[in-house]
Amino acid sequence: MNTFLDSLQLAWGLIVGGDAELWRIALLSLRVSGCAVLIGAVLGLWLGAWLAVARFPGHGLLVWLLNTLLALPAVVVGLLVYLLLSRAGPLGSLGLLFTPTAMVVAQTLLVVPLIAALSRRLVQAALDEGGDQLRSLGAGPLRSALLLLVHERLGVLTLLLTAFGRAVAEVGAVMIVGGNIAGITRVMTTAIALETSKGDLALALGLGLVLLAIVGAANGAILLAQWWAEQARAPAPATPLAARPVLAAAPARPVSQPLIALQQAGVSFGERIALQPLTLTLARGERLALIGANGSGKTTLLRLLHGLLPHSGRIERAELQPEGRAPRLAMLFQKPFLLRLSVYRNVWIALWLGGVPAAQRPQRCHEALAAVGLDGQAQRPARALSGGQQQRLALARAWATRPDLLLLDEPTASLDPSAKREVETLIEQVAAAGVTVVMSTHNLGQAKRLADRVAYFEAGRLVAERPAEHFFTDPTLPTEAAQFLRGELPWT
Ligand code: ATP
């Protein structure tokens, strides 16, 4: 107990007394471990992001190896680097042994597996949530992974702090490759080991407490800076719907011109058939509503149309005339995936991924945000918006890319009636601007209001498809579809 109290007293004395030797040792510790984590971050984050998206023979083995290396003892890393840098070793001629550079090399080797393994998990989890959305915006695998590292920057910061903690607290590697030379390679942990071996336990413990205090102060400063940055973004009032500019109408387009056609295209997940092969043509300017019970294949059809799924059969996209280009597609997912960035930046990134020139992006962002009443909220974090606002932002993001075909997966599910009305109004405006719209919905009134064609699905099979004005009253509707309507529409 006395040793502990003595060590507390010593630590306090060392900190407030500003002992020059102590500060030199502490600063070297921070410099060595800081450099190791910086280099380790560049290598480890790339490696982690790449392993999250790449698939190749031996991928699983590499992931297993990386996870196993997490348990690599610091002493073993020190020994390996020692053998490399010693006079008889392959890199002996560099003369790096017993220098701070050798200590940086050893600690970098120690933290790379940690950073890579944790960032792989982080990106993998984020990909599960938003991978399809990013692909739908045109991001390739590596761009998706890097965007998701930015999206998960808080997690990345936490893992870098963890790596820094592992580096700054290890003694085995720096002792072996640094040699604990006073004034040259002595760091906090080697000083602690030295005092322990000399039997001065109070001083050793005191130095340990000083190390903790320094790392605690560095962590605290980073967290404070983060908190301050979050506070700086104050919410702005929403623009009332009536005051918003309406989405601009595109020149009238011939409705009969085909845009996209499925030829016996179907989707299976392993043994499970999610969508039986179907043939379907969408014309420019059409609005198709997909209805059916949960699990009937509506989302699968939307993802198939977008080209996000491996499939049987063919998908044909007509070259648009007179523009002479392939149609642009955008999709709104049931649960919109927004990057943990500002409202503005979410739209900006969609334009960047869509290849829109940098000079045009700011204006297109502001136009799209103004159209959904979110221009005043441009600098707010996108994830701080309400559910309805997030859905409007997702619509603005899709709209900003000027799609020819907009795929909407239950765009108003879980919204309150007024948010639902707002989103419906926006969809009507998008459709009126000439965009082809395919929408899945459980709201039959909505299908009736917004669509000019309705398709009913059951167990992955297209059962019936009719113009909207006939669908709900057609006496020749197949029994399954008629039963579904009777169950859902008490007024039929
Ligand atoms: P909901 O109205 O609930 O959104 P849905 O009509 O959109 O349902 P889908 O999501 O298209 O239905 O699913 C159709 C079938 O495909 C379901 O049986 C579902 O379990 C299956 N399915 C969808 N995605 C996958 C997947 N990634 N892996 C395996 N099966 C899947």
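**Exercise 1. Find the accessible surface of the protein and the share of it that belongs to carbon and sulfur atoms.**

Solution. Computed on this predicted model, the accessible surface comes to about 23000 Å². Of that surface, 63% belongs to carbon and sulfur atoms. Turning from the surface to the residues, 48% of the 492 residues count as buried.

**Exercise 2. Decide whether the protein is more spread out than a compact globule, or not, using its radius of gyration.**

Solution. Begin with the elements of the fold, which comprise 18 helices and nine strands. The globule rule gives 23 Å for 492 residues, whereas the radius of gyration of the protein is 30 Å, which is well over that value, so the protein is more spread out than a compact globule. As a further step, look at the C-alpha trace, which spans about 95 × 50 × 45 Å along the principal axes. Finally, consider how contacts run along the chain: among those between residues at least 6 apart in sequence, 72% join residues at least 24 apart.

**Exercise 3. Describe the largest nonpolar core, and say which element gives the most to it.**

Solution. The largest nonpolar core has 45 residues, and those with the most contacts inside it are Leu148, Met188, Leu207, Val210 and Leu339. Several helices give two or more residues to this core, among them α1 (2-17), α2 (20-53), α5 (100-136) and α10 (201-231). The element that gives the most is α2, with eight residues. For a view of one member, take leucine 339, which, when residues up to four places away in sequence are not counted, touches Leu147, Leu148, His151, Asn346, Ile349, Ala382 and Arg383. Apart from this core lies another, of 37 residues, which includes Leu385, Ala396, Trp399 and Ala400.

**Exercise 4. Work out whether proline 467 is buried, partly exposed or exposed, and describe its surroundings.**

Solution. First place the residue: proline 467 lies in strand β9, which covers residues 461-467. Next, compare its relative accessible area with the cut-offs, which are under 20% for buried and over 50% for exposed. The relative accessible area of proline 467 is 35%, and therefore this residue is partly exposed. Then list its contacts: leaving aside neighbours within four places in sequence, proline 467 is in contact with Asp452 and Arg453. Last, set distance in sequence beside distance in space, since proline 467 and leucine 288 are 179 residues apart in sequence and 8.9 Å apart in space, C-alpha to C-alpha.

**Exercise 5. Find how far apart the mean positions of the positive and negative charges are.**

Solution. The protein has 42 positive and 32 negative charges, and their mean positions are 4 Å apart.

Terms used:
Residues are numbered from 1 along each chain as its sequence is written. This is a predicted model: local features need pLDDT of at least 70, side-chain atom pairs count only at pLDDT 80 or more; totals for chains, interfaces and linings use all residues. Side-chain values use heavy atoms; hydrogens and water are left out. A nonpolar core is a set of buried Ala, Val, Leu, Ile, Met, Phe, Trp, Tyr and Cys residues joined through side-chain atoms within 4.5 Å. Buried means under 20% relative accessible area, exposed over 50%, partly exposed in between (1.4 Å probe, protein chains only). Helices (H or I, at least four residues) and strands (E, at least two) are DSSP runs, numbered from the N terminus. Contact means heavy atoms within 4.5 Å. The radius of gyration is taken over C-alpha atoms; the globule rule is 2.2 Å times the number of residues to the power 0.38. Accessible areas come from the Shrake-Rupley method with a 1.4 Å probe; for residues, only the protein chains shown count as cover. Lys and Arg count as positive and Asp and Glu as negative; His and the chain ends are not counted. The place of a charge is taken as NZ of Lys, CZ of Arg, CG of Asp or CD of Glu.
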